[in-house]
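Colleague: I'd like a close look at one part of this protein, please. Could you take me through its inside step by step?

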Amino acid sequence: MQIWVDADACPRVIKEILYRAAERVKVPLLLVANQPLQTPPSAYIRSVRVAAGFDIADNHIVQQCQPEDLVITADIPLAAEVVAKGALALNPRGELYTESNIRQRLNMRDFMDSLRASGVDTGGPAAFSQADRQAFANQLDRLLAQRSQGNPSP
């Protein structure tokens, strides 16, 4: 199992949680971004810089991730693609995307996009909160514990 991070938009506090988790459970953590990233020195943590451009980082993650890997992303189309490959996707607010819920999330995203395109102000996501951070950390811990016990499914 590897953990892939769609790192361009990932909150710093989430990256820090991931750094600690990678060291604690000795799992490879790969942060993919189109800009240079500073990561702590570690045998388990590395960053991958891809070219700038629409979905370049997402495409790299989809091409490289394997079934049973974990992908950290708030990008629902990316989550849908990695779930289709058999990987897990977790957003920075702690929501796990699975085969059973990704289609609904994708449909809602598309609906909101069409509303915005027609001029409707849909607002934006709520500010990232301490509760979001805690929900992410708890869900990550559950997933890593399941993996260490040999149970890859959430």
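Which residues in the largest nonpolar core touch the most other members?

Modeller: Happy to help! This is a predicted model, so local features need pLDDT of at least 70 and side-chain atom pairs count only at pLDDT 80 or more, while totals for chains, interfaces and linings use all residues. Residues are numbered from 1 along each chain as its sequence is written, and side-chain values use heavy atoms, with hydrogens and water left out.

A nonpolar core is a set of buried Ala, Val, Leu, Ile, Met, Phe, Trp, Tyr and Cys residues joined through side-chain atoms within 4.5 Å; buried means under 20% relative accessible area, using a 1.4 Å probe and protein chains only. The largest core has 25 residues, and I3, V5, L18, L29, I72 and L140 touch the most other members. At least two residues each come from β1 (3-6), α1 (12-25), β2 (29-33), β4 (70-72), β5 (88-90) and α5 (130-148). These are DSSP runs numbered from the N terminus: helices (H or I) have at least four residues, strands (E) at least two. The largest share, six residues, is supplied by α1.

Now follow L140. Apart from neighbours within four places in sequence, L140 is in contact (heavy atoms within 4.5 Å) with I3, I17, L18, A21, L70 and L90. A second, separate core of 21 residues includes V50, V71, V82 and I102.

What about the cysteines? There are zero disulfides, a disulfide being a pair of cysteine sulfur atoms within 2.5 Å. The sulfur of C10 is 16 Å from the closest cysteine sulfur, in C65, so the two are too far apart for a bond. C10 is buried at 7% relative accessibility, and C65 is buried at 0%.

Methods. Buried means under 20% relative accessible area, exposed over 50%, partly exposed in between (1.4 Å probe, protein chains only).
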